[in-house]
Amino acid sequence: MKRVDIMRRAARNLRQAKGRTLLTSLAIAVGAFTIAVSLAAGEGARQYADKLIKSNVDPQSVFVTREPMNDAAAMTGGLRKYSENSGDYGGVSMEMLTADDVATLKTIPGVDQVRPTYLISTQFVTFEGIEQRYTSDVTVYDPTVLATVAAGTLPALGEQIGADEAVIPESYANTLGKKPSELVGTTITLTLVKAGKVPTEAETQEAMLRGGVEAVKALYAQETREVPLTIRAVSAQSSTSFSASTAVFISDVKAEDLSNWLTEGTDQYQRYISATVIVAKSADVTEVKDSIKDKGFSAMTAQDISGMIFTMVNVLQGIVTGFGVLALIASVFGIINTQYISVLERTSQIGLMKALGMPGKGVGKLFRYEAAWIGCIGGVIGVLLAFGIGTAMNPWITEVLTLGEGNSLLIFVWWQNIALVIGLMLVAIVAGWFPSRKAAKLDPIEALRTE
Amino acid sequence: MIEVKNVTKVYGKKAQAFTALGGVSFTIPDGASVAIVGKSGSGKSTLMHVMSGLDRATSGEIRIGGENILTLKQKKVDAFRSEQMSFIFQSFFVQGNESCYNNVALPLEIAQVPRRARREKIESALAAVQLLDKKRAKAKDLSGGQRQRLAIARAIVNDPKILFADEPTGNLDSTTGEVIEQLLFSYNKRRKATLIVVTHDHDLAQKCDIQIYIKDGHIDTIERHKEKATTADKRPLSARRIML
């Protein structure tokens, strides 16, 4: 019997037992659905993470800290070695980079620039013509990633904004109740308060003698500084950019100036929690990273970050796929059971086919093809369901997870799904192997004696 | 020519051994109609199975057209059966859920007849048993007589040289049975095919050229005489169909 004839007969046999075929396929469909969704979610998560990193991190940059970020002791707060360079950041004590470290980093071949991370805390910020004081974070404008603007203009990629210029996020304009275009060209004033160093007893006495209570008050008074900046642009809200909506952007020159002023005289002076090394276009990022590591720093490239995220996505995807595989294993027994019953029911048919000269191999093939059809139907149902539900749910998921317009969590890749269906057909054929062997070995005389 | 030489068939082993056929020999010329007659348990069905290669004889020789099928490999025997032989059973064994067309197509598919050549063969086989108008009907919707006619169409579609019929009229009333007999003998005469009928119906056996009587796994008697039965009903088949 030719393959195509066997396939047609197998399909007809299944059509004649519609209910049973459908129920058996549905068991596979459950597994297929789960796996299809996990594949789609993994693909979506990877694409989203990739987009996220690309719009936040320059691929030519290396993120440098004094010690590994994922240091177990740093995370769990265990007993740690004392270092006079250590500083507190986000409740975690970590060793800081010093000015010497920055100088060391600059000597590494291939390093184009070293940008220390300046921490600038403002007391408050005020906007031109508005009484209300606001609080805001201040960050250095990253010239390597071009943000979209709601109003105003940004310098070309790779160029810093001017020392007296600032970029504010669109959300600020919303809070102020103004249009972004109205804010461009106006002044934003940052008010900084220097913690200063605590005067010694001798200094206090000296001041007392010199100018009485007023002089002591002046000595203890905190120094404040007002920094007026012109708003150059209002950056548009971006779903993939981390920092765009959270802080006022200033130039690196200004940031260094302010940071130095704020920490002057304290132990935090010229100490940085991290630095970003920009690798020259001609140099290899990985090589530079390795030489930075050789100097005793901890370094991470954009690739490392995406690698970390991808590993996490893969683990999660693996777990979901595991559930799908479990469902498939259950469905395999369903196929075996159904096909065994089918063999018993069709004993006389098998006997007749053998009497008419069909070899046992052909009979076995007929039952395996039926199993393959069941796998195919189940796979297609599962994949189509996953695709339908996934496509329908995507806008909602995007909204709930605030992924931002144009991003979807579930991305279906056609070749993955075709491979999945083919894989399920193979699984079904394997499951159908036992019943098909029984059919192939059936004694035709015994078979024809029934009825 | 079919030569059966000293064929034995033993089921089971040692103490449980049961001899179904104990040294059977006879010859059937091509184109003859043969009745194998015996009571149930006499070994007549076993003889048919052994002759058709469905079952392997324990010893002896079965030569069909000079070839000893007992020395052939199973694959060759299967191919031999699909090209040269066909079967009709007491309980029809038509596939109820398949259309008449697809029931008749089965032997052609097994014999790997090309798709294009099938249609004509199937339609002429269905026409021969007056079932062409039921081509698309499901076999389960047919009456008993129609089912057996369908089984005959299936049996003759690939032009077999040997046609085995195991109690072909056993499940049918006498009028319907007669039509079936008529169809079998007409194929036998028209195509010069050997017809081997296994039966315990003496009337049917008398219509055959040769009667082989089997008793307890041995040949009791072999009668060879020209029957008179085929002349018994001279009405054309179409006229008799009305009675079905």
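Two residues are in contact when heavy atoms of theirs lie within 4.5 Å. Keep that in mind for the exercises on this predicted model, where local features need pLDDT of at least 70, side-chain atom pairs count only at pLDDT 80 or more, and totals for chains, interfaces and linings use all residues. Residues are numbered from 1 along each chain as its sequence is written, chains are lettered from A and ligands numbered from 1 in the order in which they are written, and side-chain values use heavy atoms, with hydrogens and water left out.

**Exercise 1. Work out how many residues of chain B and chain A meet, and how much area they bury.**

Step 1: Start with the contacts: 26 residues of chain B touch 23 residues of chain A.

Step 2: Now the area. Buried area is the accessible area (1.4 Å probe) that two parts lose on being put together, summed over both. Here that comes to about 2400 Å², with 54% of it on carbon and sulfur atoms.

Step 3: Look for the big contributors in chain B. B:Phe93, B:Glu109 and B:Ile110 lose the most area to chain A, together 25% of what that side buries.

**Exercise 2. Find the salt bridges between the two chains, and the element of chain B that gives the most to this side.**

Step 1: Count the salt bridges (a side-chain nitrogen of Lys or Arg within 4 Å of a carboxyl oxygen of Asp or Glu). There are 5 between chain B and chain A.

Step 2: Zoom in on one of them: A:Arg9 and B:Glu98 pair up through their side chains at 3.1 Å, N to O.

Step 3: Turn to the elements; helices (H or I, at least four residues) and strands (E, at least two) are DSSP runs, numbered from the N terminus. On the side of chain B that touches chain A, α2 (74-84), β6 (85-88), α3 (100-110) and α4 (115-128) each give two or more residues. The winner is α3(B), with 6 residues.

**Exercise 3. Decide whether B:Ile156 is buried or exposed, and list what it touches.**

Step 1: Locate B:Ile156: it's in helix α5 (residues 144-156) of chain B.

Step 2: Check the cut-offs: buried means under 20% relative accessible area, exposed over 50%, partly exposed in between (1.4 Å probe, protein chains only). B:Ile156 has 10%, so it is buried.

Step 3: Leave out residues up to four places away in sequence, and B:Ile156 touches B:Ala125, B:Ala128, B:Leu163 and B:Tyr187.
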